[in-house]
Amino acid sequence: MPELTKQMKDEIKRRRTFAIISHPDAGKTTLTEKFLLYGGAINQAGSVKGKATAKHAVSDWMEIEKERGISVTSSVLQFEYDGYCINILDTPGHQDFSEDTYRTLMAADSAVMVIDASKGVEAQTRKLFKVCTMRHIPIFTFINKMDREAMDTFELLDDIENELGIATCPINWPIGSGKNFKGVYDRKEREVELFSDTKKGTTQGEVKKVKIDDPEITWLIDENQRLQLEEEIELQDGAGAEFDQELVSRGELSPVFFGSALTNFGVETFLQHFLSMTSSPLPRKSDKGEINPMEEQDFSAFVFKIQANMNKAHRDRIAFMRICSGKFDAGMEVHHIQGGKKVRLSQPQQMMASERKIIENAYAGDIIGVFDPGIFSIGDTLTASPEKFAFEGIPTFAPEHFARVRQVDTMKRKQFIKGISQIAQEGAIQIFQEYNTGMEEIIVGVVGVLQFDVLKYRLENEYKVEIRLETLPYEHIRWIENEELDLDRLVGTSDMKKIKDLKDRPLLLFINEWSIRMTLDRNEGLILSEFGRS
Ligand code: G4P
């Protein structure tokens, strides 16, 4: 196999592709914005994603987004910092939480978890964390809002360890919080980075660092706080996990940092440490073994998201793909493995800070969006390699909301099936059928409730089909892993419903989580999974 050129190796090595996960309001947007500020991609905080108005500017693609002032799909931001080329994958969080949020994590090489210091681990963080651990990617923790009253530091660390089951290693340690927040103590350098409210974070402030044994520290931080810090550090040194890059790389130890994104404190320190501890583009599994970006010369990528209807006049779609090896050149011809055809990748786009722009080339680690005439599906592989191969598929994530769909005008059956199937193919919704009947009754499952509105809106606008949705009480879905199982003989609970997917694979719906355990108890050998095979 021909060797990668040095230029190509250097380009790939300097790439860092990660997702930021958090519960809504923990400060993900603010932190992202501060990263861009340090990368010089924006001059003033507030200019990119300052809440509703600017979120509009980033992805003003669908009417529904405009109506609600939120972005329905996630985007990717690329910027440069200190020789690194950084790709941040935005994971939609508020009402627009959807299966795309999970899929985005499949394209990342690591994750930054933002936690509100006064709240600890919250529901959405827990869900997203599960997907990260499934992939064993490195996870970094930024405990935000230290300028407000925070939970006790040990309590916060315990919360992460107990709730998420990952060991933590604080790289720095906070000195007070809220009105008494004095800064963070760097455990390795044995120095304090002093907190200052740098014009509420609109510009890059001066960073002042003082060694812990410098006499100056005595008049910068009062004695009580110094004593408390000393005690806490002693306790942590004695009982906490030591930093171990190996464990971090395997996703078993999370380095923890403290700061305040809003006031721009601790953000650059975090970014610098994070970039050196996180991974450059990782190898990916395929049916011909691992594809390592540092060895494989030819371009390869997989589709992880399909964005429909960016231009309402045409029913066009953009397929977002993660490049796993090689270099992408605009207009290049590649094999679309699942389609069994050669395709030309046209109109490649990338998000640079707030703009979408047409790009000429990109490297392993990067995310590009290409024009999709309706041929791609989630998980598809594209490659320029003469030896064809397919990347491991993207799992189907468990929907949490279900509804029965009925057409208002039953004459439009064909359009309805076509529309709903296409929308499902893009991955916005999952469709199921009653176990005993065919397509007469369709059950739709979504990860975030907004997807119901998206479905209704799109069927009406794009396919001229009006529907009624009757929400169902189920909240849990499980795929049946057993190859051979007589579903008629399965002993379930009264709140359980048997359904099947479009490939006739059986699934179970439950209202209560405890019913899942009971069903497992009642049926020896039954294997249920939270993730479906695509
Ligand atoms: P999200 O993307 O995770 O949902 O959170 P986002 O960054 O939008 O932040 C949520 C709220 O928390 C915002 O306030 C933001 O200003 C605030 N915030 C973020 N980081 C910090 C921090 O370090 N300290 C403090 N005190 N607040 C922080 P908001 O009032 O909801 O919005 P806005 O009107 O300020 O834009």
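Colleague: Happy to look at this with you! In β10, which residue is the bridge partner of E193?

Modeller: Glad to help, and do keep in mind that this is a predicted model. Strand β9 covers residues 191–194 and pairs with β10 in the antiparallel sense over three bridges. On the β10 side, the bridge partner of E193 is K209.

Colleague: Which strands stand at the edges of that sheet?

Modeller: The sheet is open and has four strands, paired antiparallel in the order β7-β8-β9-β10. An edge strand has a single partner, so one side of it is left without a neighbour in the sheet. Here that describes β7 (172–175) and β10 (209–211).

Colleague: Which helix packs on the sheet, and what angle does its direction make with that of β7?

Modeller: From one strand to the next, the twist averages 25 degrees. The helix touching β7 and β8 (183–186) is α9, residues 223–239. Its direction and that of β7 make an angle of about 150 degrees.

Colleague: Now to the ligand: which helix gives the largest share of the shell around it?

Modeller: There are 18 residues around the ligand, and G27, K28, T29, T30 and L262 come nearest. By class, the shell has six charged, eight polar and four nonpolar residues. The largest share, three residues, comes from residues 28–38, helix α2.

Colleague: And in the largest nonpolar core, which residues touch the most other members?

Modeller: That core has 124 residues. Take I323: leaving out residues up to four places away in sequence, its contacts include F299, F328, Y363 and I368. The residues touching the most other core members are A111, M321 and I323.

How values were computed: Residues numbered from 1 in each chain as written. Predicted model: local features only at pLDDT ≥ 70, side-chain atom pairs only at ≥ 80, totals over all residues. Near = placed C-beta within 6 Å. Helix = DSSP H or I, 4+ residues; strand = E, 2+ residues; numbered from the N terminus. Nonpolar A, V, L, I, M, F, W, Y, C, P; charged D, E, K, R; others polar. Pairing = 2+ DSSP bridges. Axes fitted to C-alpha atoms, helices over the stretch in contact; angles between N-to-C directions. Contact = placed C-beta atoms within 7 Å. Core = buried A, V, L, I, M, F, W, Y, C linked by C-beta atoms within 7 Å. Buried ≥ 20, exposed ≤ 12 C-beta atoms within 10 Å, placed from the backbone.
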